[in-house]
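Dear colleague,

Please find below the sequence and structure that I am handing over to you. A short account of the findings follows.

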Amino acid sequence: QVQLVESGGGLVQAGGSLRLSCRASGSGFSINAMAWYRQAPGQQREPVAHITSEGITKYTDSMKGRFTISSDNAKNTVALQMTSLKPEDTAVYYCAADSSRLTLYTGHYDYWGQGTQVTVSS
């Protein structure tokens with residue numbers, strides 16, 4: 001069983017930057033894929049970026065160039081550096097993890113955090 005806790009959300013002006021962090025904890029697990037998703041009120045949850053334990057990354061096209069995902073395998077942590085933030089980036093950002101590195105391609109993550117709110121003002 002894995003527990004994920006996100007942090008780093010908050011209020012930021014358009015054009016600003018924010019760094020989110022997530023840590024996986026528990027026992028008897030091996031994390032080989034982690035990701036960030038986001039969901040705005042009334043909207044479907046959408047992927048932002050993924051990373052495997054090998055360092056392979058995958059970004060949603062609209063996020064590429066503004067958002068950067070990174071991870072520390074030893075600490076089971078993942079971060080999302082967000083720059084040039086826009087009001088449309090306002091959402092709850094969720095951390096996800098899975099034992100299979102292939103989840104980067106399927107999106108079927110077994111473990112999810114509770115989310116952290118990011119609000120971008122115009």
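Which residue in S3 stands opposite Ser-7? Ser-21 is the residue in S3 that Ser-7 faces. Please note that this is a predicted model, in which local features need pLDDT of at least 70 and side-chain atom pairs count only at pLDDT 80 or more, while totals for chains, interfaces and linings use all residues. Residues are numbered from 1 along each chain as its sequence is written, and side-chain values use heavy atoms, with hydrogens and water left out.

Strands (DSSP runs of E, at least two residues, numbered from the N terminus) pair if DSSP finds at least two bridges between them. Strand S3 (residues 18-26) pairs with strand S1 (residues 2-7) in the antiparallel sense over six bridges. S3 is also joined to strand S8 (residues 77-82) by six bridges, again antiparallel; there, Val-78 in S8 is the bridge partner of Cys-22.

The largest nonpolar core (buried Ala, Val, Leu, Ile, Met, Phe, Trp, Tyr and Cys residues joined through side-chain atoms within 4.5 Å, where buried means under 20% relative accessible area with a 1.4 Å probe, protein chains only) has 28 residues. Those with the most contacts inside this core include Leu-4, Trp-36 and Leu-80. Among the elements that give two or more residues to the core are S1, S3 and S8. A second, separate core of five residues includes Ala-33, Ala-35, Tyr-37 and Tyr-109.

Finally, Ile-56 lies in the loop between strand S5 (46-52) and strand S6 (57-59).

Yours sincerely

Methods
Helix = DSSP H or I, 4+ residues; strand = E, 2+ residues; numbered from the N terminus. Buried < 20%, exposed > 50% of the residue type's maximum accessible area, 1.4 Å probe, protein only.
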